[in-house]
Amino acid sequence: PEPFKQMLYNGKVIAQDGSYFSKTKGNGPDPLKIIEQGYGADALRVYLMFAAPLELGARWDPQGVPGAHRFLSRLWNITQELQAAPAANLTEAEAKQVLGVAHKTAQKVSEDIEANRYNTAIAAVMEAVNNLYLLKTNSTFGRSDAWQEALEYLVMSIAPFAPHISDELWQQLGHSDSVHRDHWPKINEKYLTDDMITI
């Protein structure tokens, strides 16, 4: 018997012209140059896991790393804005909306990681960041239990893909340990249902 339940062959990232990256051809991007441009290792990691399903190949997109960097910057910025904001009293409905985004995202990311669907897990966190920005604009925003928990859940959810920025944000959210040590969102079923839907 095999010592594992499933064999998964990961796809390759290929050049824009469809050829395989090769040292002899010199047609592969240098990761150090990308990192030194200011994007960082996390943006490169997120892009590579977001580009395509794990088992499929993907064409290298020069705009992929900058796109991943913009997403991580938005998560960074909303965390900084929360730290600088005054305390806020959210209504029960507002708190449920904010926590709903966080808990639904955490559930989706948990399921996708178990199924090796890293690209859709990252897409779920991207969508959650967009939704939190909308809530920030359209409802009460400020230091509160709901916003704190929501951002903690997003940081924990992105931690497997962007370990450095998530650890830094975890510290900024008031924790003294590492986000990578025994931390993962605990899903609360009451935040997974919507009170209103558009038909």
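**Exercise 1.** By about how much of a helical turn are lysine 108 and aspartate 112 separated in helix α3?

*Solution.* Keep in mind that this is a predicted model.
Step 1: find the pair in helix α3, which covers residues 92-114.
Step 2: the two residues are four apart there, so about one helical turn separates lysine 108 from aspartate 112.
Step 3: look at the side chains, which meet in a salt bridge with an N to O distance of 2.8 Å.

**Exercise 2.** Classify lysine 108, aspartate 112 and arginine 117 as buried, partly exposed or exposed, then trace how they are connected.

*Solution.* Step 1: buried means under 20% relative accessible area, and exposed means over 50%.
Step 2: aspartate 112 has 0%, so it is buried.
Step 3: lysine 108, with 33%, is partly exposed, and arginine 117, with 38%, is partly exposed too.
Step 4: aspartate 112 also forms a salt bridge with arginine 117, at 2.8 Å from N to O. Shared partners thus join Lys108, Asp112 and Arg117 into one network.

**Exercise 3.** Which parts of the chain does the salt bridge between lysine 136 and glutamate 81 tie together?

*Solution.* Step 1: a search of the whole structure gives three salt bridges. In one of them, the side chains of lysine 136 and glutamate 81 meet at 3.1 Å, N to O.
Step 2: lysine 136 belongs to helix α4 (residues 118-138) and glutamate 81 to helix α2 (residues 64-84), so the bridge ties together parts 55 residues apart in sequence.
Step 3: check the accessibility. Lysine 136 is partly exposed at 24%, and glutamate 81 is partly exposed at 31%.

Terms used. Residues are numbered from 1 along each chain as its sequence is written. This is a predicted model: local features need pLDDT of at least 70, side-chain atom pairs count only at pLDDT 80 or more; totals for chains, interfaces and linings use all residues. Side-chain values use heavy atoms; hydrogens and water are left out. A salt bridge is a side-chain nitrogen of Lys or Arg within 4 Å of a carboxyl oxygen of Asp or Glu. Buried means under 20% relative accessible area, exposed over 50%, partly exposed in between (1.4 Å probe, protein chains only).
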